Amino acid sequence: FAQVLQGSKRYPNLADLKFENFHGFMKGFIDLVFVHEERWFIVDWKSNYLGPDICDYNQDRISREIQKHNYNLQYIIYTLALHRYLSVKLADYSYQRHFGGVYYLFVRNVGEDSGVHHDLPDCTLIENLDQAIMRGAAG
């Protein structure tokens, strides 16, 4: 699992993680899963205070906050969980067709151009993580 994540060029902050130090990392749960036009989405609300102004919640600042707290690892794990669930529940499930991505909403300042982070983790990454878990379960 760790090796698959560390091989991802898209999430550079995950490359040097020491996974033995992650006791208690996943304290929460997925806040919301919704379906829109046959695509499934994950929503997680964040209450982080980034500053008093709307500009404090711009895309660059939110991206830094996502990396600083390893929220991208969190939502990759959430994505994997939903992917595994949908592959059992939907007979014709396809990640590309059915998964719309994750939204992290920084609720202190959600606006048209602020406070929202959206990502659609790469299908290959999610499938490789899924296979790693299956290998681990078999071994």
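**Rings and buried side chains**

Mentor: The structure holds five aromatic pairs. Keep in mind that this is a predicted model.

Trainee: Okay, take phenylalanine 41 and tyrosine 103. Why is that pair called tilted?

Mentor: Their planes sit at 35° and the ring centres are 6.0 Å apart. Centres within 6.5 Å make a pair, and an angle that is neither under 30 degrees nor over 60 counts as tilted. So 35° makes this pair tilted.

Trainee: What parts of the chain does the pair link?

Mentor: Distant ones: phenylalanine 41 is in strand β2 (residues 39-46) and tyrosine 103 is in strand β3 (residues 99-106), 62 residues apart. Ring pairs also link Phe34, Phe41 and Tyr103 into a cluster.

Trainee: Is phenylalanine 41 buried or exposed, and how do you know?

Mentor: Its relative accessible area is 11%. Buried means under 20%, so phenylalanine 41 is buried.

Trainee: And why does tyrosine 103 get another label, "partly exposed"?

Mentor: Tyrosine 103 has 26% relative accessibility. Exposed needs over 50% and buried needs under 20%, so 26% falls in between and tyrosine 103 counts as partly exposed.

Trainee: Which tyrosines form a tilted pair?

Mentor: Tyrosine 71 and tyrosine 104, at 5.9 Å centre to centre with 40° between the planes. This pair links distant parts of the chain too, with tyrosine 71 in helix α3 and tyrosine 104 in strand β3, 33 residues apart. Both of these tyrosines are buried.

Trainee: What else is going on around tyrosine 71?

Mentor: The charged end of lysine 46 sits over the ring of tyrosine 71, 4.1 Å from its centre. Tyrosine 71 also makes a side-chain polar contact of 3.1 Å with asparagine 48.

Trainee: What makes that 3.1 Å a polar contact?

Mentor: The N or O atoms have to be within 3.5 Å, and 3.1 Å fits that distance limit. Asparagine 48 has a polar contact with the side chain of glutamate 65 as well, at 2.9 Å.

Trainee: How do you know whether asparagine 48 is buried?

Mentor: Its relative accessible area is 14%, and the cut-off is under 20%, so asparagine 48 is buried.

Trainee: Last one: why does histidine 83 count as buried?

Mentor: Same kind of check: 7% relative accessibility against a limit of under 20%, so histidine 83 counts as buried. Histidine 83 is in helix α3 (residues 71-89). Leaving aside neighbours within four places in sequence, histidine 83 is in contact with Tyr93, Tyr95, Ile126 and Asp130.

Technical notes:
Residues numbered from 1 in each chain as written. Predicted model: local features only at pLDDT ≥ 70, side-chain atom pairs only at ≥ 80, totals over all residues. Heavy atoms only, no water. Helix = DSSP H or I, 4+ residues; strand = E, 2+ residues; numbered from the N terminus. Buried < 20%, exposed > 50% of the residue type's maximum accessible area, 1.4 Å probe, protein only. Contact = heavy atoms within 4.5 Å. Lys NZ or Arg CZ within 6 Å of the ring centre and 35° of its normal. Polar contact = N/O pair within 3.5 Å; in protein donor to acceptor, adjacent residues only side chain to side chain.
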